[in-house]
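Work through three short exercises on the structure below. Each comes with a worked solution.

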Amino acid sequence: MPLRRIPRPFNLIWGSGKIIEEAAIEGGLHAPSIQLMRYEKGEKRGQMAIRFAAYGQQNDLERRPLIINERELRPLKKEIDRSPRLKALLRKLVEEEDDD
(Lines give C-alpha, C1' and ligand atoms only; values in the text may rest on other atoms or scores of the structure.)
Protein backbone atom coordinates (compact mmCIF):
# COMPACT_ATOMS: atom_id res chain seq x y z
CA MET A 1 0.00 0.00 0.00
CA PRO A 2 1.24 3.50 -0.73
CA LEU A 3 2.38 5.26 2.41
CA ARG A 4 0.22 8.26 3.18
CA ARG A 5 -0.33 9.50 6.72
CA ILE A 6 -3.63 8.54 8.39
CA PRO A 7 -5.43 10.52 9.63
CA ARG A 8 -4.76 13.42 7.32
CA PRO A 9 -6.76 16.51 6.46
CA PHE A 10 -8.91 17.16 3.43
CA ASN A 11 -10.56 20.40 2.38
CA LEU A 12 -13.49 20.66 -0.03
CA ILE A 13 -15.77 23.57 -0.90
CA TRP A 14 -18.63 22.18 1.21
CA GLY A 15 -16.57 21.08 4.20
CA SER A 16 -13.30 19.87 5.62
CA GLY A 17 -12.16 17.16 7.97
CA LYS A 18 -9.93 14.12 8.08
CA ILE A 19 -9.37 10.98 6.04
CA ILE A 20 -9.56 8.43 8.83
CA GLU A 21 -9.11 5.18 6.88
CA GLU A 22 -7.75 4.40 3.45
CA ALA A 23 -7.51 1.28 1.33
CA ALA A 24 -4.97 1.89 -1.44
CA ILE A 25 -2.70 -0.14 -3.69
CA GLU A 26 -0.02 0.56 -6.25
CA GLY A 27 -1.63 0.11 -9.66
CA GLY A 28 -0.08 0.17 -13.09
CA LEU A 29 -0.45 3.85 -13.96
CA HIS A 30 -1.81 5.20 -10.68
CA ALA A 31 -2.58 4.21 -7.09
CA PRO A 32 -6.29 3.41 -6.64
CA SER A 33 -7.59 4.50 -3.25
CA ILE A 34 -10.87 4.23 -1.35
CA GLN A 35 -11.02 6.64 1.58
CA LEU A 36 -13.26 7.04 4.60
CA MET A 37 -13.68 10.76 5.25
CA ARG A 38 -15.10 12.39 8.39
CA TYR A 39 -16.34 15.97 8.02
CA GLU A 40 -15.47 18.22 10.96
CA LYS A 41 -16.39 21.65 9.52
CA GLY A 42 -18.84 23.03 7.00
CA GLU A 43 -22.32 22.01 5.92
CA LYS A 44 -21.45 18.28 6.07
CA ARG A 45 -20.09 18.47 9.64
CA GLY A 46 -20.54 15.18 11.53
CA GLN A 47 -21.07 13.12 8.37
CA MET A 48 -18.95 10.31 6.98
CA ALA A 49 -18.28 9.90 3.27
CA ILE A 50 -16.46 7.54 0.94
CA ARG A 51 -14.16 8.95 -1.72
CA PHE A 52 -12.96 6.86 -4.64
CA ALA A 53 -9.69 8.45 -5.70
CA ALA A 54 -6.53 7.89 -7.69
CA TYR A 55 -3.05 9.17 -6.89
CA GLY A 56 -0.42 9.82 -9.52
CA GLN A 57 3.19 8.78 -9.56
CA GLN A 58 4.16 11.93 -7.61
CA ASN A 59 1.64 10.93 -4.88
CA ASP A 60 -0.70 13.75 -5.90
CA LEU A 61 -4.49 13.38 -6.01
CA GLU A 62 -5.54 13.04 -9.64
CA ARG A 63 -8.53 14.92 -11.01
CA ARG A 64 -9.93 12.06 -13.05
CA PRO A 65 -12.23 9.09 -12.46
CA LEU A 66 -10.92 6.16 -10.50
CA ILE A 67 -10.57 3.08 -12.69
CA ILE A 68 -9.83 -0.24 -11.01
CA ASN A 69 -9.07 -3.14 -13.28
CA GLU A 70 -9.88 -6.75 -12.51
CA ARG A 71 -6.37 -7.75 -11.42
CA GLU A 72 -6.38 -4.97 -8.81
CA LEU A 73 -9.54 -6.19 -7.04
CA ARG A 74 -7.94 -8.82 -4.80
CA PRO A 75 -5.11 -6.59 -3.46
CA LEU A 76 -7.57 -3.72 -2.92
CA LYS A 77 -9.94 -6.04 -1.04
CA LYS A 78 -7.06 -7.01 1.27
CA GLU A 79 -6.54 -3.33 2.06
CA ILE A 80 -10.27 -2.80 2.65
CA ASP A 81 -10.20 -5.72 5.12
CA ARG A 82 -7.67 -3.68 7.15
CA SER A 83 -10.08 -0.72 7.35
CA PRO A 84 -13.10 -1.87 9.38
CA ARG A 85 -15.13 1.36 9.37
CA LEU A 86 -14.63 1.84 5.64
CA LYS A 87 -15.57 -1.79 5.01
CA ALA A 88 -18.77 -1.40 7.05
CA LEU A 89 -19.82 1.66 5.06
CA LEU A 90 -19.02 -0.03 1.74
CA ARG A 91 -21.08 -3.02 2.85
CA LYS A 92 -24.09 -0.70 3.18
CA LEU A 93 -23.52 0.28 -0.44
CA VAL A 94 -23.70 -3.26 -1.82
CA GLU A 95 -25.91 -5.25 0.55
CA GLU A 96 -29.67 -5.16 0.57
CA GLU A 97 -31.33 -3.92 3.73
CA ASP A 98 -34.29 -5.65 5.33
CA ASP A 99 -37.50 -3.68 4.89
CA ASP A 100 -39.12 -3.90 8.32
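A polar contact is a pair of N or O atoms within 3.5 Å; within protein, one atom must be able to donate a hydrogen and the other to accept it. The model is predicted.

**Exercise 1.** Place Glu 40 and find which side chain its own side chain meets in a polar contact.

*Solution.*
- Start with the element: Glu 40 lies in strand E3, residues 31-42.
- Check exposure. Its relative accessible area is 31%, so Glu 40 is partly exposed.
- Find the polar partner. The side chain of Glu 40 pairs with that of Arg 38, at 3.5 Å.
- List the contacts beyond four places in sequence: Ser 16, Gly 17, Lys 18 and Arg 45.
- Take one distance. Glu 40 and Arg 71 are 31 residues apart along the chain, and their C-alpha atoms are separated by 35 Å.

**Exercise 2.** Determine which residues of helix H1 are buried, and what they pack against.

*Solution.*
- H1 spans residues 73-81, and Leu 76, Glu 79 and Ile 80 are buried there.
- These residues cover an arc of only 100° around the axis, so they sit on the same side of H1.
- Recall the helix geometry: an α-helix has 3.6 residues a turn, so residues three or four places apart point the same way.
- The buried residues of H1 pack against strand E2 (15-24), E3 and H2.

**Exercise 3.** Is Val 94 buried or exposed, and which surface patch does Val 94 belong to?

*Solution.*
- Val 94 is part of helix H2, residues 84-94.
- Its relative accessibility is 66%; the cut-off for exposed is over 50%, so Val 94 is exposed.
- Val 94 joins Phe 52 and Leu 93 in a nonpolar surface patch, with about 340 Å² of accessible area together.

Key:
Residues numbered from 1 in each chain as written. Predicted model: local features only at pLDDT ≥ 70, side-chain atom pairs only at ≥ 80, totals over all residues. Heavy atoms only, no water. Patch = residues over 30% accessible without salt bridge, like charges linked within 9 Å, V, L, I, M, F, W, Y side chains within 5 Å. Areas by Shrake-Rupley, 256 points an atom, 1.4 Å probe, with all protein chains shown as cover. Salt bridge = Lys/Arg side-chain N within 4 Å of Asp/Glu carboxyl O. Helix = DSSP H or I, 4+ residues; strand = E, 2+ residues; numbered from the N terminus. Buried < 20%, exposed > 50% of the residue type's maximum accessible area, 1.4 Å probe, protein only. Contact = heavy atoms within 4.5 Å. Arc of directions from axis to C-beta.
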